[in-house]
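Trainee: I should like to understand how the labels used for a structure are justified. May we go through them one at a time?

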Amino acid sequence: MPQEIVGAKMEPRRLYDSVNILLSLQSKNGSLAAWELATALKWLEMFNPTEFFANTIVEHEYGSWRICFTYGTWFALGGLAAAGKTNKNCLAIRGGVEFLLKSQRDDGGWGESHASCPNEKYIPLEGNRSNLVQTAWALMGLLHSGQAERDPTPLHKAAKLLINSQMEDGDFPQQEITGSFMKNCMLHYATYRNTFPLWALAEYMKNCISLSSVGEKLK
């Protein structure tokens, strides 16, 4: 974008400084915690003074901001793809793709319960319901993995669900809460219902199909 809009171009040295900060916060197992380097002993959590927040005393190398495995898989697939990994040369990508494909609903969507957070295992929404925000996350994760080149059918089904769920005024329906904090505190983000479906559909259009084939693929 023009400099008069975004300002002067950042010097490479400042980008290097940012990378160095991130590397300084990386744990020995290769992951990153939320606030600081995770070095404290886990038994210190026994001194947690809160009644319903979990894991508040020391840093942990896993996220708990969204629900939960669907969200994490999206970011993991995106990060691995950015690092040059593919479905052919990376076991982690193949595992993430397998998880998403197995958990896709018959209507083309995905739906994960908030109970996944405190239980630390994948729990689907009751009644095999789909959640549009989580469907958007899963769709983008599969796009990162190169699913469009292997078999785009799951992508078409997900996009069809998102498109058909949009209301007449352009809004998307508010569904289950998709944010979480410290395992047990659920967070409501009102704009998620529009932000992520639109983002996912844009990525779908860019990476999966051509404009000339839109109508045929979504029939």
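**Reasons behind the labels**

Mentor: Let us begin with a pair of charged residues in this predicted model. Arg193 and Asp171 meet through their side chains in a salt bridge, 3.1 Å from N to O. The two belong to distant parts of the chain, with Arg193 in helix α9 (residues 192-207) and Asp171 in the loop between α8 and β1, 22 residues apart.

Trainee: Why is the contact of Arg193 and Asp171 called a salt bridge?

Mentor: The label requires a side-chain nitrogen of Lys or Arg within 4 Å of a carboxyl oxygen of Asp or Glu. Arg193 and Asp171 have an N to O distance of 3.1 Å, so the pair meets that limit. By this rule the count comes to 6 salt bridges.

Trainee: What links Arg129 and Glu176?

Mentor: Their side chains also form a salt bridge, at 3.0 Å from N to O. Arg129 is in the loop between α5 (116-119) and α6, while Glu176 is in the loop between α8 (153-165) and β1 (179-181), so the pair ties together parts 47 residues apart in sequence.

Trainee: Why are Arg129 and Glu176 described as partly exposed?

Mentor: Buried means under 20% relative accessible area and exposed means over 50%, with partly exposed in between. Arg129 has 38% and Glu176 has 26%, so both values fall in the middle class.

Trainee: Which residues are linked in a network of salt bridges?

Mentor: Such a network links Glu11, Arg13 and Asp17.

Trainee: Let us turn to a helix. How do you know that the length of α4 agrees with its number of residues?

Mentor: Helix α4 covers residues 91-103, which is 13 residues, and at 1.5 Å a residue it should span 18 Å. Its end C-alpha atoms are 18 Å apart, so the two values agree. Helix α8 also has 13 residues; from its first C-alpha to its last it reaches 19 Å, close to the 18 Å expected.

Trainee: What makes the buried residues of α4 line one face of the helix?

Mentor: The buried residues in α4 are Ile93, Gly96, Val97, Leu100 and Ser103. Viewed down the axis of α4, they fall within an arc of 145°, so they line one face. They pack against α3 (69-82), α6 (132-145) and α7 (147-150). On the other side of α4, Leu91 and Lys102 are exposed.

Trainee: How do you know that Lys102 is exposed and Glu98 partly exposed?

Mentor: Lys102 has 67% relative accessibility, and exposed means over 50%, so the label applies. Glu98 has 43%, which lies between the two limits, so Glu98 is partly exposed. Lys102 and Glu98 form a salt bridge, their closest N and O atoms being 2.9 Å apart. Being 4 residues apart in α4, they are separated by about one helical turn.

Trainee: Why is Cys68 called buried?

Mentor: Cys68 has a relative accessible area of 19%, and buried means under 20%, so Cys68 meets the condition. Cys68 lies in the loop between α2 (12-24) and α3. Apart from neighbours within four places in sequence, Cys68 is in contact with Glu112, Ser116 and Cys117. From Cys68 to Ser27 there are 41 residues in sequence and 21 Å in space, C-alpha to C-alpha.

Trainee: How many cavities are there of 30 Å³ or more?

Mentor: The count is 1 cavity. About 90 Å³ of space lies in the largest cavity. Its lining consists of 14 residues, with Val133, Gln174, Glu176, Thr178 and Tyr192 nearest the centre. Helices α6 and α9 each supply at least two residues of that lining.

Trainee: Finally, how many helices and strands does the chain have?

Mentor: There are 10 helices and 2 strands, in the order α-α-α-α-α-α-α-α-β-β-α-α from the N terminus. The C-alpha atoms fill a box of roughly 55 × 50 × 40 Å along the principal axes. Of the 219 residues, 37% are buried. Among contacts with a separation of 6 or more, 59% join residues 24 or more positions apart.

Terms used:
Residues are numbered from 1 along each chain as its sequence is written. This is a predicted model: local features need pLDDT of at least 70, side-chain atom pairs count only at pLDDT 80 or more; totals for chains, interfaces and linings use all residues. Side-chain values use heavy atoms; hydrogens and water are left out. The expected span of a helix is 1.5 Å times one less than its number of residues. Buried means under 20% relative accessible area, exposed over 50%, partly exposed in between (1.4 Å probe, protein chains only). The arc is that of the directions from the helix axis to the C-beta atoms. Contact means heavy atoms within 4.5 Å. On a 1 Å grid over the protein atoms alone, a cavity is a set of points where a 1.4 Å probe fits but cannot get out, and a pocket is an open set with protein on both sides within 12 Å along at least five of seven lines; lining residues have an atom within 4 Å of a point. Grid points are joined across faces, edges and corners, and a volume is the space filled by probe spheres set on the points.
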